[in-house]
Structures are given as structure tokens and as C-alpha cells.
Amino acid sequence: MSSSQKTEARPESDSSPELDAVIIGAGFSGLYMLYQVREVLGLSARVFEAGEGVGGTWYWNRYPGARCDSESYYYCYSFSEKLTEEWKWTTRYPEQPEILRYLNHVADRFELRRDIQLDTRVSAATFNEAHNYWEVSTEGGDHVTARYLISAVGCLSSANIPDFKGLEDFKGDWYHTGSWPHDGVDFAGKRVGQIGTGSTGIQAVPVIAAQAEHLTVFQRTANYSIPALNAPYSEEDWAEIVENRAETRRKVEASLGGAPFVPIHRSAKDVSEEEREAIYDDVWTNSGGFKFLWGTFSDIMVDLDANKTAADFIRAKIRETVNDPAVAEMLSPNDHPYGTKRPPIDTNYFESYNRDNVKLVDVRKSPIVEITPNGLRTEDDEYELDIIVFATGFDAMTGSLRKIDIRGLGGQTLAKKWEAGPRTYLGLQVAGFPNFFTITGPGSPSVMVNMPVAIEQHVNWIAGCIGHMRDHGHRRIEAKQAAQDEWVDHVNAVADFTLYKHANSWYLGANIPGKPRVFMPYAGGLIEYGKRVDEVASRGYEGFELQS
Ligand code: FAD
Ligand code: NAP
């Protein structure tokens with residue numbers, strides 16, 4: 001569908017909407033939601049996607065080194081056996097182009113494109129209380145009505161470009177990693193400055209360092225990172241993955257984090273120091289990746305002393321890897337427990353600082369004052385740069401939603417409603433905004449787990465709910481305020497039980513100046529969450545008000 005096929009506003013008197021659902025976004029979430037609404041429920045839907053292609057995260061994030069850090073054989077859909085069987089991943093952690101090819105394949109395979117309108121940004125949506133439907137408008141002038149409005153806008157899709165003085169006068173080129181040019185950036189012979197050392201920055205540093213004449217990394221917070229131990233799959237590896245698919249599925253379903261790690265029930269404090277080091281070392285050397293967090297000890301995220309054993313181990317590895325002790329010290333995180341910021345995994349990140357053409361600058365000690373026409377100035381120094389890379393993350397979880405003028409009952413806006421931080425029921429609905437569903441919304445576990453699994457769980461639940469509404473002749477569903485309040489309290493209580501609030505992370509909105517400090521995701525894991533939402537459905541959508 002092309003964005004030039006505009007949809008005109010309908011006369012007020014017409015009480016049935018044009019579509020059953022409008023879905024905003026065509027990443028993992030939007031594509032699968034469209035499949036469910038159209039192919040499973042047999043209803044009509046249109047997806048509006050701001051990008052010129054499908055794929056979401058994997059359409060936008062084309063920076064050097066971009067790849068997933070959930071392993072490919074479970075960072076994918078599981079809803080279609082045929083899809084699973086016909087797709088073969090090449091690598092343990094595939095690069096962005098391969099994941100984008102996969103999502104394009106999904107769009108083609110299930111003929112989703114005919115209901116996807118690309119290059120179209122949704123600007124506003126208003127709930128029509130008289131007719132119980134949403135009136136949706138796009139920046140390009142489309143107007144359409146739909147019974148349900150489903151957000152698949154993504155949790156990490158609104159780029160955070162810090163408001164540095166002078167950026168507009170910079171004579172070189174600058175890029176945010178989440179909006180990377182499609183034909184790449186040529187770093188050869190260039191002096192590059194990179195701001196940010198989160199998961200993105202940590203992936204980008206080794207690749208940019210290998211291409212650029214010089215790379216200066218401006219680090220505000222040192223980060224823990226675990227080796228990915230990435231490698232292409234051999235024929236034998238792939239045969240093993242295929243053979244074990246049923247077992248993988250069973251493990252994923254029994255896991256906290258949507259990944260096939262067998263749950264561990266031992267405390268880091270219950271083993272001897274030698275045994276603990278051996279366990280960490282084995283994972284560091286032979287497994288890599290998220291197994292360090294989820295497959296070593298059960299109390300790393302809930303007990304500061306247990307966490308310190310993991311953090312100390314990583315700091316020792318940094319000292320062992322980085323030649324210059326002063327640089328190793330700067331790279332060693334010391335202000336937050338391991339895992340309380342989303343933990344990165346890497347390929348030769350710390351090793352990169354042994355290169356002659358890489359310099360690390362601590363911008364906590366000497367903050368960035370301004371971007372100058374020729375580079376960047378900190379309180380203590382000036383750096384001449386040809387290119388600046390902003391690996392500065394996202395206005396996570398609420399950024400993309402708050403940019404849309406969403407108006408619920410009584411004309412209240414979502415942005416206003418969430419002024420003091422987002423509040424949802426189960427991460428799925430917001431009181432006062434009937435027939436509006438949020439896939440991976442705040443209050444859901446999505447961003448703390450392997451996301452495709454969380455996304456499928458959400459989409460299945462929403463589709464089940466819409467099917468229930470249709471079968472029972474309901475035209476309106478709304479989260480009750482009391483149920484929402486109770487869920488928000490629960491989300492906070494679970495977060496308080498963990499160590500997550502010990503870090504200034506994007507989970508808390510702490511990366512965006514002025515954003516309210518509220519712990520946004522549900523940290524209780526997928527199993528507990530799944531049980532809860534299934535119970536709610538089986539009790540006739542407890543906590544929601546359904547109207548015919
Ligand atoms: P997205 O993929 O973000 O898609 C949302 C889409 O909505 C975007 O295309 C956007 O253009 C569109 N949109 C937003 N607002 C509007 C609007 N107003 N109108 C129209 N369209 C709009 N998760 C993991 O579990 N494992 C990983 O290894 C992993 N790696 C990641 C690597 C990177 C670099 C990043 C940034 C994230 C990663 N994630 C990972 C998280 C990742 O975002 C999810 O895994 C998943 O891709 C999210 O899919 P989504 O469809 O929910 O959102
Ligand atoms: P991020 O984790 O928020 O990291 C942003 C970095 O920029 C941080 O180092 C931050 O420092 C720094 N920064 C932000 N504003 C700054 C400022 N004004 N001055 C100096 N430094 C500043 O963002 P991200 O690395 O893009 O990752 C976001 C999320 O995307 C990840 O947590 C993960 O969920 C996902 N992701 C996943 C993968 C993967 O799985 N393969 C890869 C990339 C991203 P502070 O820490 O001090 O705030």
C-alpha cells in the first residue's frame with residue numbers, strides 16, 4: 001500500500017468504523033499483530049509505519065556492529081512451525097541486515113504488505129465516545145476510523161539526541177545510531193568522536209576503531225560487558241539447533257527471561273570463592289552472552305553482595321584485558337551493580353582500548369560543554385573531530401507514544417496522563433483510553449527479557465481479547481482505574497525487591513533530562529506475568545470493563 005492512497009475523513013453520522021484495527025508500527029510487534037488480526041481473527045487492519053520499510057529496530061539501527069545479543073535461534077518468532085523450519089540463521093548473533101531480511105521475509109511470507117502503509121507517521125488518535133472507535137490521523141493527512149488502536153511503536157524507537165550547545169554549527173557530519181544512513185558512513189581517514197557506551201556504543205567501538213583514523217570515546221558511565229563469543233553456525237551447530245527445537249521451546253516457556261537457560265537455584269554466596277570463580281570463568285570463556293546473568297547464580301539481581309561477586313569478576317577481566325591500568329580503571333564500572341543497566345555483550349570492546357588510534361575520555365569527570373564547529377569541547381579539553389556518533393540511546397518505553405496526540409475519554413491526552421510517569425494495567429491498557437492496546441507497554445516485562453517471546457505473548461493476549469469481544473458482541477473494553485493502580489503498585493513492589501533502582505538507567509527514565517523517575521518495566525519475569533494475564537482473561541477479563 002502506498003502513502004499516496006489517502007483515506008478521507010468520514011461523516012460523523014456513520015457509526016461503524018472503517019477498520020477493525022489500526023496498528024502503529026511494523027517491527028516484530030506490528031507484523032505479528034497484523035497477522036493475528038487478519039489471518040487468525042479474520043478482521044480488517046491497517047498498519048501505519050513511519051519508516052520506508054518494515055523491520056522497526058532492525059530497519060533503523062544500521063550502525064557499524066549492530067547485531068542482536070539474544071541468540072538468533074530464539075531471537076525470532078515461534079508462531080509458525082513452517083516459518084521456523086524454512087529460515088536458517090547463519091550466525092549465533094546475526095548482524096542487522098540478516099535480521100532485517102528475516103522480518104522482510106515474514107512480511108512477504110504472510111502477505112502482510114498489502115495492509116501496511118509505509119512512510120506514514122501517525123500523528124493523532126482520538127477516541128470517539130459516541131461510537132466507541134478511534135479516529136486516527138497521520139502526518140500525511142490520512143484519516144481513518146478503527147474499533148481498536150494498537151500501539152506497536154516500540155520501546156526503543158525514539159532517539160535521544162542530547163541538547164548539546166553548538167551542534168547546529170558543527171562543520172563535520174553527525175549521526176544517531178538509531179537513525180543510521182542506509183548507505184553507511186565511510187570512516188576511513190576520519191577523526192571520529194563517539195558519545196555513549198551502552199549496548200549500542202559497545203558494539204560500535206571495535207568496528208569504528210578498525211575503520212577510522214582515530215576514535216575518541218566519550219564515556220559518562222563505565223559499563224559491564226560480557227564477551228559475546230559470536231561465531232557463524234557450522235552445519236553441525238545448525239543440525240543440533242534443529243534437532244533440539246522442541247526442547248528449546250520447552251526451556252523458553254519455563255524461563256524467566258524468554259531464553260532457553262535452565263533456571264539456576266544456587267546463591268553466589270553459597271559456594272566457595274574458588275567454585276564461584278570457576279563458574280563465572282566457565283561462562284565467560286565458553287558460553288558468553290546473557291548466560292553470565294541468567295545461567296550462573298539466582299541472586300545476582302536481588303542481593304548486593306551476590307551481585308558484587310559478578311561485578312568484581314568483570315572488573316578483574318577488564319584489568320586483565322586492557323593494557324593501560326589507568327584506562328582499565330576508567331572502564332571499570334563503580335557506580336551501579338552489574339545488570340541494573342541492560343547488560344551489553346561485546347566482541348573485542350575492551351580490547352579496542354589497546355589500539356593506538358582509540359582514546360577514552362571520562363565525561364563524568366570533565367563534562368561535555370559544547371559541540372564546536374570543529375569538534376567537541378569538554379571542561380578540560382578540546383577535540384577536533386570530522387564525525388560525531390551519538391550512541392546516546394532512546395527516550396525509552398514512552399517516547400514514541402508520547403509524541404502521538406492520543407486522546408481518550410473526555411479529551412484527556414496520554415502525554416498529560418503520563419506526566420508523572422506511565423501507568424498501565426498489565427502493560428496492555430491505560431484507564432481512560434478504551435479499545436487502546438499497547439504491545440510491550442510500560443508495566444510489561446518485555447524490555448527485560450528476550451523480546452520476540454514477550455511480543456508474541458502480548459500479541460496473542462490482545463488477539464484473544466479482541467476475539468472474545470467479537471464473540472460476545474462487546475464494542476468497548478477499558479482498564480479499571482483500581483486494577484491499574486493495583487498493577488502499578490505490584491510493578492513497583494517487584495522492582496523494589498530487585499537491585500534495578502540502584503542505577504540511573506533508561507528503565508527509570510534517568511537518561512532523559514526532566515523525565516519522571518519511575519521504574520517502567522515489570523521485573524517479575526515472563527512466567528509470572530504470563531500466569532497473571534492468562535488468569536485475567538480466564539476470569540472474563542478481570543480488571544477491565546467490557547461494554548456491548
Ligand atoms: P520496533 O522494532 O521499535 O518497531 C516500532 C516501529 O514503530 C518502528 O519502525 C517505528 O518507526 C514505528 N513507529 C513509531 N512511532 C510511530 C508513529 N507515530 N507512526 C508510525 N510508525 C511509528 N531485544 C532483544 O530481545 N534482543 C536483542 O538482541 C535486541 N537487540 C536490539 C538491538 C538494538 C540496536 C536495539 C535498538 C534494540 C534491540 N532489542 C533487542 C530490542 C528491540 O527493540 C526488540 O527486540 C524488537 O525489535 C522490538 O520490536 P517492536 O516491533 O516492538 O518495536
Ligand atoms: P543506552 O543504553 O541508553 O546508552 C546510552 C549511552 O549514552 C550511555 O553510555 C549514556 O551514559 C550515554 N549518554 C546519554 N546521554 C549522554 C550525555 N548527554 N552525555 C554523555 N553521555 C550520554 O542506549 P543504547 O546503547 O542505544 O541501548 C539502548 C537499549 O537498546 C539497550 O539497553 C538494549 O536494550 C537495546 N540494544 C540492544 C542491543 C543488542 O541487544 N544487541 C544493541 C544495542 C541496543 P549514561 O549511562 O551515563 O546515561
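## Exercises on a predicted model

The sulfur of cysteine 155 is 17 Å from the closest cysteine sulfur, in cysteine 68, too far for a bond. The model is predicted.

**Exercise 1.** Work out how many disulfides the structure holds, with cysteine 155 and cysteine 76 as test cases.

*Solution.*
- Step 1. Set the cut-off: two cysteine sulfur atoms must lie within 2.5 Å to make a disulfide.
- Step 2. Test cysteine 155. Its closest cysteine sulfur, in cysteine 68, is 17 Å away, so no bond can be assigned.
- Step 3. Test cysteine 76. Its closest cysteine sulfur is also in cysteine 68, at 9.2 Å, and that is too far for a bond.
- Step 4. Give the total: the structure holds 0 disulfides.

**Exercise 2.** Decide whether cysteine 76 and cysteine 155 are buried or exposed.

*Solution.*
- Step 1. Buried means under 20% relative accessible area.
- Step 2. Cysteine 76 has 11% relative accessibility, so it counts as buried.
- Step 3. Cysteine 155 has a relative accessible area of 5%, so it is buried.

**Exercise 3.** Describe the surroundings of serine 366.

*Solution.*
- Step 1. Locate it. Serine 366 sits in the loop between β12 (358-362) and β13 (368-372).
- Step 2. Check burial. Serine 366 is at 6% relative accessibility and therefore counts as buried.
- Step 3. List its contacts. Beyond neighbours within four places in sequence, serine 366 touches Thr378, Glu379 and Asp380.
- Step 4. Look for a polar contact. The side chains of serine 366 and threonine 378 are joined by one of 3.3 Å.

**Exercise 4.** Find what is notable about phi in asparagine 435 and threonine 440.

*Solution.*
- Step 1. Recall the rule: most residues other than glycine have a negative phi.
- Step 2. Take asparagine 435. Its phi is near 60 degrees, a positive value. Asparagine 435 lies in the loop between α14 (414-417) and β18 (436-438), and at 0% relative accessibility it counts as buried.
- Step 3. Take threonine 440. Its phi is near 55 degrees, again positive. Threonine 440 lies in the loop between β18 and α15, and at 4% relative accessibility it counts as buried.

**Exercise 5.** Characterise the second largest pocket.

*Solution.*
- Step 1. State the volume: about 800 Å³.
- Step 2. Find the centre. Of the 33 lining residues, Ser78, Arg249, Val252, Glu253 and Glu456 are the closest to it.
- Step 3. Name the elements that give two or more residues to the lining: α3 (81-86), α6 (235-243), α7 (245-253), α15 (451-471) and α17 (525-538).
- Step 4. Sort the lining by class: 19 nonpolar, 7 polar and 7 charged residues.

How values were computed: Residues are numbered from 1 along each chain as its sequence is written. Chains are lettered from A and ligands numbered from 1 in the order in which they are written. This is a predicted model: local features need pLDDT of at least 70, side-chain atom pairs count only at pLDDT 80 or more; totals for chains, interfaces and linings use all residues. Side-chain values use heavy atoms; hydrogens and water are left out. On a 1 Å grid over the protein atoms alone, a cavity is a set of points where a 1.4 Å probe fits but cannot get out, and a pocket is an open set with protein on both sides within 12 Å along at least five of seven lines; lining residues have an atom within 4 Å of a point. Grid points are joined across faces, edges and corners, and a volume is the space filled by probe spheres set on the points. Helices (H or I, at least four residues) and strands (E, at least two) are DSSP runs, numbered from the N terminus. Ala, Val, Leu, Ile, Met, Phe, Trp, Tyr, Cys and Pro count as nonpolar, Asp, Glu, Lys and Arg as charged, and the others, Gly among them, as polar. Buried means under 20% relative accessible area, exposed over 50%, partly exposed in between (1.4 Å probe, protein chains only). A polar contact is a pair of N or O atoms within 3.5 Å; within protein, one must be able to donate a hydrogen and the other to accept it, and residues adjacent in sequence count only if both atoms are side-chain atoms. Contact means heavy atoms within 4.5 Å.
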